[in-house]
Amino acid sequence: MALAQVKELPRSRAATKELRRQQLIDSTIHSIAKRGFADTTLADVADGAGLSRGIVNFHFQSKDQLLVETLQFLADEYRDNWQKALGKAGDSAIERLAALISADFEAAVCNRKKIAVWFAFWGEAKSRPTYLKLCADRDLEYEAVMRGICAELIAEGPYPALDMDGLVSGISALTDGLWLDVLVEPKAFDREAAKRTVWLFLSGLLPRHLGPDGSIKTRGAGS
């Protein structure tokens, strides 16, 4: 019995440590969304998490370390979200594209708090190389996958007049703009309407693969 208790103790402590760190990261996200980047303090984070201020210093050596790990958490969460969606998608390129776009509007990543924090970090990125790298790495990995899928679709169409760079940039600009709508009018934002906007845009460029209502034509050029 004593041996079993000893074995369980480190795991319990590790779980508690991870729980506390996540509480502080969640509180940081809430504080930045509420107060802004510059006005968020370690005291705000501790109070928001319902923890002592000494706990913050125990888990994070500085405010900057806490902010970096918060950004890393958001980047990891975003990547895990679209990779999970991609793993569940069908084999065709259009099904994978639809899965990526739908993932961008999942409530886990597309909500007012987290989008406010993403924009806040992007605003600081130019003067902080660490933030810039984390933000850029998130976008570059996603873009590489998106470019591969778009290249397949253009070849399958075929759509000889369609520029791949333009297609990828158009998708990115549209989804980023719709994300901004979450900040401007959070109560009026409609996830399904946002996706319909993207489908309508893409159906005009990829008519052999997608209908304006988002219906997928898996036969591509043969449809």
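Okay, quick one before we start: when I say salt bridge, I mean a side-chain nitrogen of Lys or Arg within 4 Å of a carboxyl oxygen of Asp or Glu. And keep in mind that this is a predicted model.

With that in hand, here's the bit I'd like you to look at. Asp64, Glu124 and Arg128 are tied together in a network of salt bridges. Across the whole structure there are ten salt bridges, and I'll walk through a few of them.

Start with one link of that network. Arg128 and Asp64 meet through their side chains, with an N to O distance of 3.4 Å. Where do the two residues of this pair sit? Arg128 is in the loop between helix 6 (112–125) and helix 7 (129–156), while Asp64 belongs to helix 4 (residues 63–88). They're 64 residues apart, so this pair links distant parts of the chain. As for exposure, Arg128 comes out partly exposed at 32% relative accessibility, and Asp64 is partly exposed too, at 38%.

Next pair: Asp165 and Arg147. Here the closest N and O atoms of the salt bridge are 2.6 Å apart. Asp165 sits in helix 8 (residues 164–184) and Arg147 in helix 7, 18 residues apart, and again the pair links distant parts of the chain. Asp165 has 40% relative accessibility, which puts it in the partly exposed class. Arg147, with a relative accessible area of 27%, is partly exposed as well.

Now a pair within one helix. Lys195 and Glu192 form a salt bridge at 3.2 Å, N to O. How far apart are they in helix 9? Three residues, so about one helical turn separates them. Is Lys195 buried or exposed? Buried: the cut-off is under 20% relative accessible area, and Lys195 has 16%. Its partner Glu192 counts as partly exposed, at 45%.

Last stop, away from the charges: Ser27, which you'll find in helix 1 (residues 2–35). Ser27 is buried, with a relative accessible area of 6%. What does its side chain reach? The backbone nitrogen of Ala49, at 3.4 Å. If you skip the neighbours within four places in sequence, Ser27 is in contact with Asp44, Val45, Gly48 and Ala49. So Ala49 turns up both in that contact list and as the residue whose backbone nitrogen the serine side chain reaches, with Ser27 itself buried at 6%.

That's my tour. If you open the model, go to Asp64, Glu124 and Arg128, the salt-bridge network, and then hop over to Ser27 in helix 1.

Definitions and conventions
Residues numbered from 1 in each chain as written. Predicted model: local features only at pLDDT ≥ 70, side-chain atom pairs only at ≥ 80, totals over all residues. Heavy atoms only, no water. Helix = DSSP H or I, 4+ residues; strand = E, 2+ residues; numbered from the N terminus. Buried < 20%, exposed > 50% of the residue type's maximum accessible area, 1.4 Å probe, protein only. Polar contact = N/O pair within 3.5 Å; in protein donor to acceptor, adjacent residues only side chain to side chain. Contact = heavy atoms within 4.5 Å.
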